[in-house]
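Let's take a relaxed tour of one protein model, picking out a few helices, a sheet and some unusual backbone angles. Have a look at the picture first, then read on.

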Amino acid sequence: QPLRVAVLDASGRLQPEVEQALRERRVDGLPRFDVRPAGPGGLEERRARLRQQVLAGQLDGYLILPEDALERSQAEYHGRNVSAVMDQSLLDRVVEERLQARRLLDAGLAPERVQAAQRRLDLKTVKLSEGGEREDRGASFLLSMVLLMALYTSVAMWGAALMNGVIEEKANRVVEVVVSSIPTSTLFAGKLLGVGAVGLTQLGVWALVTGGLGLAGSQAAALSGLKLPEVPPHLLLFFVLFFLLGFFLYGALYVSIGAAVNSQQEAQSLVFPVVLPLVVGVMFFPVVLGSPDSGLSVALSLVPFWPPLLMFLRMTVVTPPPCQVGLRLSPTLPTT
C-alpha cells in the first residue's frame, strides 16, 4: 500500500513542489506515496494534529522541512514505523532532489540542463575468455558464491552425517556384527563411497532444479537485459572432483571422530577443529575472489584443507595454471 504521508513546511516555499514530487514517485508502476494535506493552522498546531493522526493510524508519518532546509539540507520524518529502510531511502532521495532543484533555480541555473551534464556513467564489464567476450553485470560473482556455498554446505552436511552414522552404529552395536564379517577398511571405504554417492545425487538434483528454473527464467532475463552466467563444462567437472576430494578428506576426519567417541555430546568438543578449516576457508573468499592470481590467493589455495574450496573458487573466476591444479590434486588423491 502507498505510504500515507503529510508535508509540514516551516519556510512555506517548498511544500507544493515536494508534495508534487512525492505524488509522482512510482515503484513498479504504482504510486509509492499517498500525500495527505497538513491542514490549516500554525506550525505547532498542525504538527500536534499530524502527530495525533499518526498515533490514531490515519497517517503513516509526516515530513518536517525546517526554516533553513535549503541551507542545511536537513529534514525530519516522524512515524510509528521507522524501520522501512527502502521507503525512507526513497523519501530522502525525493526531498534531496527537490532541494537541489530549488538551489539551482535560485542560482539562475536550469535543473534539467545541470542533470543532463551530470549524467551517471553506465560502465559495462566484459569478461574475456578463450571462447570470446561476454558482458557481465555481476553474474560471475553470483555463480562463484553459489557454487562455493553449495560445496561448503555439502561437505559439512554429509561429513556430519557420516559421523552421526558411526556413532549410532556403535550405540546399537551394529558395527560389531558387521566388523566380524568384513575388514574395517572395507567398511570405512563403503561408508565414504555410499554417502559420497548420496551427496552427488543431492547435488545432481540441485543442478537439475536450478537448470530448469534457469530455462524457465531465461526469456524474462533476456527481456530485462540480464545476462545469465555462463557455466563452462570443465567447471562442472572440477566441481564434482573437488566435492569428492573435499568430502573424502573431511569425511575421513568426521568418521575418525565418530570412531573415537560414544555419543554426540562427546563428539561436539572434537568437531570444532574439523569445522574450523572449512569456516576459515570461506572467510577468505573476498581475498581470493578479488585477486585470484595474487601470491596470497595462490598460497591459500595450496594450503592443506583449503583447496576443495579456494582452488575451486579461483577456477570460477579465472583458470589457474595447470601446474598449480596438478600440484594440489596430486598429493590429495593418494591421501584421500
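Which residues in helix α12 (residues 295-302) are buried? They are Ser297, Val298, Leu300 and Ser301. These four cover an arc of only 165° around the axis, which puts them on the same side of α12. The arc is taken from the directions that run from the helix axis to the C-beta atoms. "Buried" means under 20% relative accessible area, "exposed" means over 50%, and "partly exposed" is in between (1.4 Å probe, protein chains only).

Before going further, a word on the ground rules. This is a predicted model, where local features need pLDDT of at least 70 and side-chain atom pairs count only at pLDDT 80 or more, while totals for chains, interfaces and linings use all residues. Residues are numbered from 1 along each chain as its sequence is written, and side-chain values use heavy atoms, leaving out hydrogens and water. Helices (H or I, at least four residues) and strands (E, at least two) are DSSP runs, numbered from the N terminus.

Back to Ser297, which has a visitor from another helix. Val287 sits in helix α11 (residues 285-290) and counts as partly exposed, at 32% relative accessibility. Leaving aside residues up to four places away in sequence, Val287 touches Leu296 and Ser297; contact here means heavy atoms within 4.5 Å. From C-alpha to C-alpha, Val287 and Ser297 are 6.8 Å apart in space, and they are 10 residues apart in sequence.

Now for the sheet. Four strands form an open sheet in the order β4-β1-β5-β6, with mixed pairing. Why is one side of β4 (33-36) and of β6 (76-79) left without a neighbour in the sheet? Both stand at the edges, so each has a single partner strand. In the middle of that order, β1 (residues 3-9) and β5 (residues 61-65) pair in the parallel sense over five bridges; DSSP has to find at least two bridges for two strands to pair. Within this pair, Asp9 stands opposite Leu65 in β5.

Finally, some backbone angles. Most residues other than glycine have a negative phi. Here are two non-glycine residues with a positive one:

| Residue | Phi | Loop | Relative accessible area |
|---|---|---|---|
| Asp28 | about 55° | between β2 (26-27) and β3 (30-31) | 78%, exposed |
| Ser73 | about 50° | between α3 (69-72) and β6 | 47%, partly exposed |
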